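Reader: I would like to learn how to read the features of a model with two chains, taking one element at a time. Could we begin once the structure is on the screen?

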Amino acid sequence: MPTSSIRRRLILTMVLTQALLAAGLVFTGVYYTHQRLQSSLDANLHARAMGVAALVRYPEEPGHPLVFENSLVSARDLASGDLFEVTAPGVGVVARSPGWPQDLEIPAGGKAYRKVKVAGIPYRALRLEKVPILDREEAVSSLPSTLTVIYATPKVEMNRQVWRAGVYIALASLIFLGITVLLAVWGIRRGLLPLQDLALEASHVSAQHWDFKSPREAELVAELRPLAEAMETMLHRLHQSFEQQRQFLGNAAHELKTPVAILKSTVQSLLQKPRTSTEYQAGLTQSLEDVERLENLLQGMLRLARAEQWAYGTLKRNLESVDVASTCEDAIEGLRGLANAHHADIKLNAEDGILCRADGEDLQLVWINLLENAVRYSPEGTTVNVKVARNDHKARVVVEDQGPGIPAEELPLIFERFHRGDSSRTREIGGFGLGLAIAKALVEAYGGTITPESAVGQGTRMIVDLPLNLN
Amino acid sequence: MRILIVEDEERLAANIARSFRESAGYAVDVAKDGEDGLFMAESNPYDAILLDLMLPRMDGGQVLRKLRASKQHTPVMVLTARDEKESVVALLNSGADDYLTKPFDLGELLARVKALIRRGKGQASPVLAVGDLQINTVDRTVRRNQRSIVLTAMEYRVLEYMAHRPRAVVSKTELLEHLYDYNWEKFSNVIEVYISGLRRKLNKGSAAPLIHTYRGQGYVLQP
């Protein structure tokens, strides 16, 4: 894949815009110079034409034609290639410059100033009509009182000046363009340095080293700050979930070790000496119980992993509508035995027809896990209340016990994997501390929330909100 | 010998206890949580303590530090499910004598605890010798002058305990405390029965007496 460089692009853009600017400057300069020079040339042309016209006077004696003072024509102007022709209506040509070409014709009408070419040289010509003859005192009625003057002067000198101005501006622009490009390269390189610092800092991050502090230089750059901040928060979150996974793995290994140790010690102590068949049978039964315990733990961990996979949306499933109340009923039925053993009762108070899009077995597992906790912590003779109701656009299930409650500082921890309340009670109570974690992962997998409400001595309420299936 | 197992997993504690009772002839007490364990360790003279780390009420590390702070020098074997280097080092530094990570081998646990007890009482060899008497603590056999002596379980336990502390006066109370677990009624006259039985078996074949009575104080095992 071709790589592109921000620096190269910035410099290229910079050079292109600067070059465009320089071209515009040259064009404007040339145009302006041309206009200025041309207007001064035009003024000059007019003055010279009038000057030539002023050289025409009436003859001293009647019957003679108009007189042109040839000797008074500016020799310098003629030398520079000026051409003129003075005509008078009804008389014809009064005077012509020496170099007037026969084929040159500047007809009446049209603009006063116009472009012509004489022998390949560009000229600017002016045709003035009805120029009064100044010599009025001697006016002769038989002769016309006005003249037509055509005056042309070569544009070579003007063009040369325009060209020179153009070259001058272009050269200056090029020099400045060069300087600005150098400055831009330097500035962009310097400006992008914080980006390199940021990349360097980020390259130090690894699974062992999560510390990432965006460099101060990057923090001070407005464009880089969001990037640096995003990197910081992203790394923080990554670190957290990495730690969580690592902790889970550590905890899982730790939790697995104990049942394995029990199983191993059971078998080893059984093998320590020859035993009676009754003893072997008792030992094997124990081993089987140990294995079942191990199996339960593994199953719990797998279920949690599976539920979390859904929660993170890696598995999409076709879900059907499930009646929430009936899943609660099934869960309660499954826990009757445990409740009886604890001399506790479970009561259900459910609205009918509350449907959620979920897997029925998963929901049942959520209720079982919540109820199991509630029943285990219930003092003898108390009741665990389960309420299913519609709440806004949610299905709300509340599992309430009259147990000892959870201290406020422990409340945020109860959903952590392998967390077991006050461990003095829970070991006797059993379980691996995975039930609530599984319940939470499952509820969240279906877009719901689970909120514990508890205070010491006042029992615990677990509130589960699930999105209703409205179709 | 009498040991204390502080372990909240009842099944595991029971298995370890059974193994020590059957294979080593030890008296075994079990505590199910840290507080209980600390109380029992402080109120009974154990020869070794097996301590789990993850305990309800008070964790094993705390129990260990409190024991050591109250000048208890009973050997402590820590049973842990964690095997990170730091925690092991911290454990040993806070007074543990040895540790095993779960799941462990019962045979290894037995051997290590025996070694700890031996070392704690100043003995290096698993075969204890007092004069021409030899007590093998591994297979629990007793010989005198190459002659094998068959003892009852209780007689062996009395002899093994005394052989760990030769030349020291061992009172009847001490013997009772180290040979019976918490749940036994302790009658001091049973000790006299075992001692007389031991004397009879050890002195068979007109060897010099090994067990001497110090009236009002106790017994001494010495050649």
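Reader: Is strand β2 of chain B mostly covered or mostly open, and how many of its residues are buried?

Author: Please keep in mind throughout that this is a predicted model. With a strand, one counts the buried residues and then looks at the side to which each one points. Strand β2 of chain B, residues 27-31, is mostly covered, since five of its five residues are buried. Ala27(B), Asp29(B) and Ala31(B) point one way from β2(B), whereas Val28(B) and Val30(B) point the other way, and all of them are buried.

Reader: Which strand pairs with β2(B), and in what sense?

Author: As a general idea, strands of a sheet pair through backbone hydrogen bonds, either parallel or antiparallel. In this case strand β1 of chain B, residues 2-6, pairs with β2(B) in the parallel sense over five bridges. To find the register, one may start from Arg2(B), whose bridge partner in β2(B) is Ala27(B). Between the two strands the chain passes through α1(B), and this β-α-β crossover from β1(B) to β2(B) is right-handed.

Reader: How many residues does the largest nonpolar core have, and which of them have the most contacts inside it?

Author: In soluble globular proteins, nonpolar side chains tend to be buried together. The largest nonpolar core here has 65 residues, and those with the most contacts inside it are Ile3(B), Ile5(B), Ile49(B) and Leu50(B). If neighbours within four places in sequence are left aside, Ile49(B) is in contact with Ile3(B), Leu4(B), Val6(B), Ala41(B), Thr74(B) and Val76(B). There is also a second, separate core of 49 residues, which includes Ala325(A), Trp367(A), Leu371(A) and Val397(A).

Reader: In what order do the strands of the antiparallel four-stranded open sheet of chain B stand?

Author: For an open sheet, one reads the order of the strands and then looks for the edges. Four strands of chain B form this sheet in the order β6-β7-β8-β9, with antiparallel pairing. Its edge strands are β6 (127-130) and β9 (147-149) of chain B, each of which pairs on one side only. Neighbouring strands of the sheet are turned by 25° against each other on average, with direction ignored. Looking at one pair, β8(B) and β9(B) are antiparallel over three bridges, and Arg143(B) stands opposite Ser148(B) in β9(B).

Reader: Why is one side of β10 and of β11 of chain B left without a neighbour in the sheet?

Author: These strands belong to an open sheet of three strands in chain B, which has the order β10-β12-β11 and antiparallel pairing. Both β10 (169-170) and β11 (211-214) of chain B stand at the edges with a single partner strand each, so one side of each has no neighbour in the sheet. The pairing of β11(B) with strand β12 of chain B, residues 218-221, is antiparallel over four bridges, and in β12(B) the bridge partner of Ile211(B) is Leu221(B).

Reader: Which residues does the cis peptide bond in chain B join?

Author: For backbone features of this kind, one reads the torsion angle and then places the residue among the elements. The cis peptide bond joins Lys102(B) and Pro103(B), with omega about -5°. Pro103(B) is in the loop between β5 (98-101) and α5 (106-120) of chain B. A further point concerns Arg57(B), where phi is near 70°, a positive value in a residue other than glycine. Arg57(B) lies in the loop between β3 (48-52) and α3 (60-69) of chain B. Arg140(B), which is not a glycine either, has a positive phi of about 55°, and its place is in the loop between β7 (133-136) and β8 (141-144) of chain B.

Reader: How many other C-beta atoms lie within 10 Å of Arg57(B)?

Author: Arg57(B) has 19 of them within 10 Å and counts as partly exposed, because 20 or more would be needed for a buried residue. Arg140(B) is partly exposed as well, with 15 other C-beta atoms within 10 Å.

Reader: How many residues of chain B are in contact with chain A?

Author: At an interface, one may count the residues on each side and then ask which element contributes. Here 20 residues of chain B are in contact with 17 residues of chain A. Helix α1 of chain B, residues 10-24, gives the most to the side of chain B that touches chain A, with eight residues. By class, that side has seven nonpolar, three polar and 10 charged residues.

How values were computed: Residues numbered from 1 in each chain as written. Chains lettered and ligands numbered in written order. Predicted model: local features only at pLDDT ≥ 70, side-chain atom pairs only at ≥ 80, totals over all residues. Buried ≥ 20, exposed ≤ 12 C-beta atoms within 10 Å, placed from the backbone. Contact = placed C-beta atoms within 7 Å. Nonpolar A, V, L, I, M, F, W, Y, C, P; charged D, E, K, R; others polar. Pairing = 2+ DSSP bridges. Axes fitted to C-alpha atoms, helices over the stretch in contact; angles between N-to-C directions. Core = buried A, V, L, I, M, F, W, Y, C linked by C-beta atoms within 7 Å. Right-handed = clockwise from strand over helix to strand, strands pointing away.
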